[in-house]
Every structure is written in C-alpha cells, then in structure tokens.
Amino acid sequence: MRLLHTLALGLALACSTAHAQGFVALTGAGDHRQVVADGDSTYLLRGGGEIFQYAQGRWTQIDNSSGTASIAAANGVVYALKTDNNLYRYAFGGWTAHGGGISQIVAAGSNLFVLQTNSNV
C-alpha cells in the first residue's frame, strides 16, 4: 500500500500544484523525471537536476545542481548518477563522490548495483 501511495504521490506532484485528497504538491510541479523510495523516505528527481526528499510529512531540497541523470535509494542512502558518469552518495546531510565511469544505477534492498561504462556490473 505504501508503494502505491508513493507512486500516486509522484503522479499527483506531476499533475497538480494544489493540495487534493491527502496528496502534497511540490512547488513548481511539472517537470519530474524520477521517483524512488527507501524506507520512510521518497526521493524526487526534477528535470533541472534538483533532488528533493519527502520525509516526516514535508519536502526538502537536498541537491540543487544540474546534471543529475538518475537516482537510486538503498539502506537510508540516496545515490545520484550525474550526466558525466560520476556517482555521488547523500548520507548524514552531505554529498560525497564515489567514483566514475558508471552508466546506470539500481537499488535493490540494501544493495546498490552499478553498470559501468565498460559493461561490467
């Protein structure tokens, strides 16, 4: 049920800028690229590369830089893959670089899997 609510929340954010039936609209709603969830947090990647976290009933912007291609979340950590193929990790309120040469990321359970640009997993 939580997954359905999270997905519905993402769709509501993309379609509405007003509060409706328990959904919370994000200011400037419209260009949303990806929604991922982990535990009690939901993360939203906007078209401009900004990343927002929904936790404890409110949205907080955790990244305002451009160039984010995709995000993944696992075990309380969110990962951002940038368009330059570099990977960043957000935990404890800050971002750290975690390597490059990555073309795709996916989270499963407490694991993060990466597909490198040389086709290694």
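The following dialogue reads a predicted model feature by feature.

Trainee: Which conventions should I keep in mind, and how does pLDDT average over the protein chain?

Mentor: Residues are numbered from 1 along each chain as its sequence is written, and side-chain values use heavy atoms, with hydrogens and water left out. Because this is a predicted model, local features need pLDDT of at least 70 and side-chain atom pairs count only at pLDDT 80 or more, while totals for chains, interfaces and linings use all residues. The general idea is that pLDDT is the predictor's confidence in each residue, from 0 to 100. Here the protein chain averages 80, and 76% of the residues score at least 70.

Trainee: Where is confidence lowest, and where is it highest?

Mentor: Elements come from DSSP runs numbered from the N terminus, helices being H or I runs of at least four residues and strands being E runs of at least two. Confidence is lowest in helix 1 (residues 2–15), with a mean of 42, and highest in strand 5, at 95. Over residues 1–20 the pLDDT stays under 50, and for this stretch the model has 32 contacts beyond four places in sequence, a contact meaning heavy atoms within 4.5 Å.

Trainee: How should I read strand pairing, and what is the order of the sheet that contains strand 1?

Mentor: Two strands pair if DSSP finds at least two bridges between them. Strand 1 belongs to an open sheet of four strands, in the order 1-2-3-4, with antiparallel pairing. Its edge strands are strand 1 (32–38) and strand 4 (58–63), each of which pairs on one side only. Neighbouring strands of this sheet are turned by 25 degrees against each other on average, direction ignored; for such angles, axes are lines fitted to C-alpha atoms (for helices over the stretch in contact), and values run from 0 to 180 degrees between N-to-C directions. Within the sheet, strand 2 and strand 3 (residues 51–55) run antiparallel and are joined by four bridges, and Thr-42 has Tyr-54 of strand 3 as its bridge partner.

Trainee: What is the order of the other open sheet, the one with strand 8?

Mentor: That sheet also has four strands, ordered 5-6-7-8 with antiparallel pairing. Strand 5 and strand 8 (94–97) stand at the edges with a single partner strand each, so one side of each is left without a neighbour in the sheet. The twist averages 25 degrees from one strand to the next. Strand 6 pairs with strand 7 (residues 87–91) in the antiparallel sense over four bridges, with Leu-81 and Leu-87 as bridge partners. Strand 7 in turn pairs with strand 8, again antiparallel and over four bridges, and Ala-91 stands opposite Gly-94 of strand 8.

Trainee: Which residue in the turn between strand 7 and strand 8 has a positive phi?

Mentor: The two strands form a hairpin with two residues between them, and Phe-92 in the turn has a positive phi of about 55 degrees, although Phe-92 is not a glycine. Accessibility has three classes: buried is under 20% relative accessible area, exposed is over 50%, and partly exposed lies in between (1.4 Å probe, protein chains only). Phe-92 is exposed, at 85%. Ser-119, in the segment after strand 10 (111–116), is another non-glycine residue with a positive phi, near 80 degrees, and Ser-119 is exposed at 57%.

Trainee: Which residues make up the largest nonpolar core?

Mentor: A nonpolar core is a set of buried Ala, Val, Leu, Ile, Met, Phe, Trp, Tyr and Cys residues joined through side-chain atoms within 4.5 Å. The largest has ten residues: Val-36, Tyr-43, Leu-45, Ile-51, Ile-62, Ile-71, Ala-73, Val-78, Ala-80 and Tyr-90. Strand 2 (41–46), strand 5 (68–74) and strand 6 (77–82) are the elements that give two or more residues to this core. A second, separate core of eight residues includes Val-77, Leu-81, Ile-102 and Ile-105. Leaving aside neighbours within four places in sequence, the contacts of Tyr-43 include Val-36, Phe-52, Ile-62, Ile-71 and Val-78.

Trainee: How many aromatic pairs are found in the whole structure?

Mentor: Rings of Phe, Tyr and Trp (its six-membered ring) pair if their centres lie within 6.5 Å, and planes under 30 degrees apart count as stacked, over 60 as edge-to-face and the rest as tilted. The search finds two pairs. Tyr-54 and Trp-59 form a tilted pair, 5.0 Å centre to centre with 55 degrees between the planes; Tyr-54 is buried at 19%, and Trp-59 is buried at 15%. The rings of Tyr-90 and Trp-95 have centres 4.9 Å apart and planes at 50 degrees, so that pair is tilted; Tyr-90 is buried at 16%, whereas Trp-95 is partly exposed at 26%.
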